[in-house]
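Colleague: I'd like to learn how to read a model like this one. Could you walk me through it?

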Amino acid sequence: MTQFYDLHCHSTASDGALSPTDLVKRAAENGVTILAITDHDTTSGIFEAQTCANLLGITLINGIEISAQWEKLGIHIVGLNIDPENSTLQNVIAQLHIMRTERAEKISQKLAKKGISNALESVQKVASNEMITRVHFANFLVSQAYVSSISEAFDRYLGDGKAAYVSTVWTPLETAVQAIYAAGGVAVLAHPLRYKLTATRLKKLLSVFKNAGGQGIEVVTGRYNPDEMRVLANYAMQFELAGSMGSDFHSPTNQWLELGKLAPLPEKVKPIWELWQ
Ligand code: AMP
Ligand code: MN
Ligand code: MN
Ligand code: MN
């Protein structure tokens, strides 16, 4: 049977718009047969997603997208086929929860200075005990009509260097990779072209990532064009990394990033799923 993979997406456990159940349903409707749920810095959506996947007969891969630090840059490392209960991984998650809570307090203080009050209380209500992300603040700013769109919220307040931006030092790259490995998973560098690095710097990152125990890079994502995919396939070969594919789906309102609507993995690239089959 031909399998259709989507190994990167978000639910309400982090900054996605759909509950884990609705996410799995939508993936199944779109023809995905093997789905990884990869919420930012949390595994809390997995149990519900697994329950729904069992009902619908699609395969769920346990995943996470860890916020990590490489030098001055924040990067994202996807962990696939992890044991969500692993204590090393859960320790990293607990630290990230603290970092995100502290950051949210600071973002809220910066917004208050701009005359926007009650941001923290509002996002905490929505996120309950889940990870608070900048998307939660963006949704709050839209709902209170301080801005008219999510992208305006990032452009004016939440984006890098903007009025309510708070820089964070995330989990060190090596710690993130080791935690994924400890949890029995494979570490994948997410969306390598989104960090806006020069080729030299990206190659440096890939070599550091590989030396730390990283095993894959995303070669196919919802946003890349064929030229970019070729570049990434070549990096996969050069650094002997397996290739992953995932939409990075967050919300049905974002039309150009749909679950499961992905080009096939280039044939010369070793598929990441061979590492756990
Ligand atoms: P955080 O991890 O809390 O810093 O939030 C980052 C998340 O915000 C990313 O994972 C994206 O989902 C989202 N995001 C970042 N930049 C933008 C943007 N310009 N417009 C919409 N969403 C964004
Ligand atoms: Mn996100
Ligand atoms: Mn990401
Ligand atoms: Mn993502």
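**Around the ligand**

Modeller: Let's start with a polar pair: an oxygen atom of ligand 1 is 2.8 Å from an N or O atom in the side chain of arginine 134. A polar contact is a pair of N or O atoms within 3.5 Å; within protein, one must be able to donate a hydrogen and the other to accept it, and residues adjacent in sequence count only if both atoms are side-chain atoms. Before going on, a caution: this is a predicted model, where local features need pLDDT of at least 70 and side-chain atom pairs count only at pLDDT 80 or more, while totals for chains, interfaces and linings use all residues. Residues are numbered from 1 along each chain as its sequence is written, chains are lettered from A and ligands numbered from 1 in the order in which they are written, and side-chain values use heavy atoms, with hydrogens and water left out.

Colleague: How much of the accessible area of ligand 1 does the protein cover?

Modeller: Accessible areas come from the Shrake-Rupley method with a 1.4 Å probe; for residues, only the protein chains shown count as cover. On its own, ligand 1 has 500 Å² of accessible area, and the protein covers 71% of that. Two other side chains place a polar atom by a ligand oxygen: aspartate 15 at 3.0 Å and histidine 40 at 2.9 Å.

Colleague: Which residues surround ligand 1?

Modeller: A residue counts as near if one of its heavy atoms lies within 4 Å of the molecule. The list is Asp15, His40, Arg100, Arg103, Thr133, Arg134, Val135, Ile150, Phe154 and His250. Helices H3 (87-113), H5 (134-143) and H6 each give at least two residues to that shell. Helices (H or I, at least four residues) and strands (E, at least two) are DSSP runs, numbered from the N terminus.

**Inside and outside**

Colleague: Is leucine 158 buried or exposed?

Modeller: Buried means under 20% relative accessible area, exposed over 50%, partly exposed in between (1.4 Å probe, protein chains only). Leucine 158 has a relative accessible area of 0%, so it is buried. It belongs to helix H6 (residues 150-158).

Colleague: What does leucine 158 touch?

Modeller: Contact means heavy atoms within 4.5 Å. Not counting residues up to four places away in sequence, leucine 158 touches Ile107, Arg134, Phe137, Ala138, Leu141, Ala153 and Tyr165. Take Ala138: 20 residues separate it from leucine 158 along the chain, yet their C-alpha atoms are 7.5 Å apart.

Colleague: Where is histidine 191 found?

Modeller: Histidine 191 sits in the loop between strand S6 (186-189) and helix H8 (199-211). Its relative accessibility is 3%, so this loop residue counts as buried. Its side chain makes a polar contact of 3.3 Å with that of glutamate 65. Beyond neighbours within four places in sequence, histidine 191 has contacts including His8, His76 and Asp248.

**Backbone oddities**

Colleague: Which phi value does serine 128 have?

Modeller: Serine 128 is not a glycine, but its phi is positive, about 40°. You'll find serine 128 in the loop between helix H4 (119-127) and H5, and it counts as exposed because its relative accessibility is 53%. Glutamate 240 also has a positive phi, near 50°. That residue lies in the loop between helix H9 (226-238) and strand S8 (242-246), and at 62% relative accessibility it counts as exposed.
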